[in-house]
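Subject: Structure handover

Hi,

Here is the structure I promised you. Please open it first, then read my notes below.

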Amino acid sequence: NEDHEDDIVWDGSNEITNVKKKSISDYIKNDIKGFEVDKEKRITYFNSEFYDSENKKRTLLYSALHLNGKYYAINQINDKHYQIIDQQGNVMPGFENLIRYPRVKFPYLGDDDLWFLIKIGKWGYKLKSLIKQEVLPETFSEPLNWNSNGHTLGYVVMKVVDEKYVYYFNGEKEWEEP
């Protein structure tokens, strides 16, 4: 069975009705090379390159990422590998074959780059920027509060071996007692 999405229509009354169920494949547009987004940054249409016909699902994940008038998306290559593409479907350099899902840092007003926490090797993480290709020198063994949205506050608690420190996204870091 294909995944379906409902089109919701309001008929002016107090009832909302489902008009038609669309299959995921209805969102394929091969006259575009990448994807299109709506005003909420949701991916609306995409090229068939980003559709897994065997599993009947799109491979572009979640909403698009927006920076300086351009859109980017995370594409799932297979069960364990990901890549980041631009809206034209081009794979971003340095983000071609990521080991795990890349976790994006919450973008702040005035940010000129998108930062991702990416898995490197078996036991490490690095913070890497999408546009400037900057990589922080630290290799983190564990991002302690990333999954609890710590990165939305402007800092995260990271662990390097047995020491913990607070990393502020303005480039400062403060060591804490382990």
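A hairpin joins β8 to β9 through 5 residues. Strands here are DSSP runs of E with at least two residues, numbered from the N terminus.

Before you go on, two points on the source. This is a predicted model, in which local features need pLDDT of at least 70, side-chain atom pairs count only at pLDDT 80 or more, and totals for chains, interfaces and linings use all residues. Residues are numbered from 1 along each chain as its sequence is written, and side-chain values use heavy atoms, with hydrogens and water left out.

Back to the hairpin. β8 and β9 pair in the antiparallel sense over 5 bridges. Two strands count as paired if DSSP finds at least two bridges between them. One bridge links Ala73 to Ile85 in β9. In general, strands of a sheet pair through backbone hydrogen bonds, either parallel or antiparallel.

Is β9 buried or exposed? All 5 of its 5 residues are buried, so β9 is largely enclosed by the rest of the structure. (Buried means under 20% relative accessible area, exposed over 50%, and partly exposed in between, with a 1.4 Å probe and protein chains only.) Both faces of β9 are covered. Tyr82, Ile84 and Asp86 lie on one side, Gln83 and Ile85 on the other.

Next, the cores. A nonpolar core is a set of buried Ala, Val, Leu, Ile, Met, Phe, Trp, Tyr and Cys residues joined through side-chain atoms within 4.5 Å. The largest one has 14 residues. Tyr72, Ile84, Phe95, Leu114, Phe116 and Leu130 touch the most other members. Four elements give two or more residues each: β7 (60-67), β8 (70-76), β9 (82-86) and β11 (115-120). β7 gives the largest share, 3 residues. A second, separate core has 13 residues, including Tyr27, Val37, Phe46 and Ala64.

There is also an open sheet of 3 strands, in the order β10-β11-β12, with antiparallel pairing. Its edge strands are β10 (103-104) and β12 (124-129), and each pairs on one side only. β10 and β11 pair over 2 bridges. Arg103 stands opposite Leu117 in β11.

Last, two backbone angles. Most residues other than glycine have a negative phi. Lys56 has a positive one, near 55 degrees. Lys56 sits in the loop between β5 (51-52) and β6 (57-58), and is partly exposed at 31% relative accessibility. Asn68 also has a positive phi, near 50 degrees. Asn68 sits in the loop between β7 and β8, and is exposed at 59%.

Best wishes
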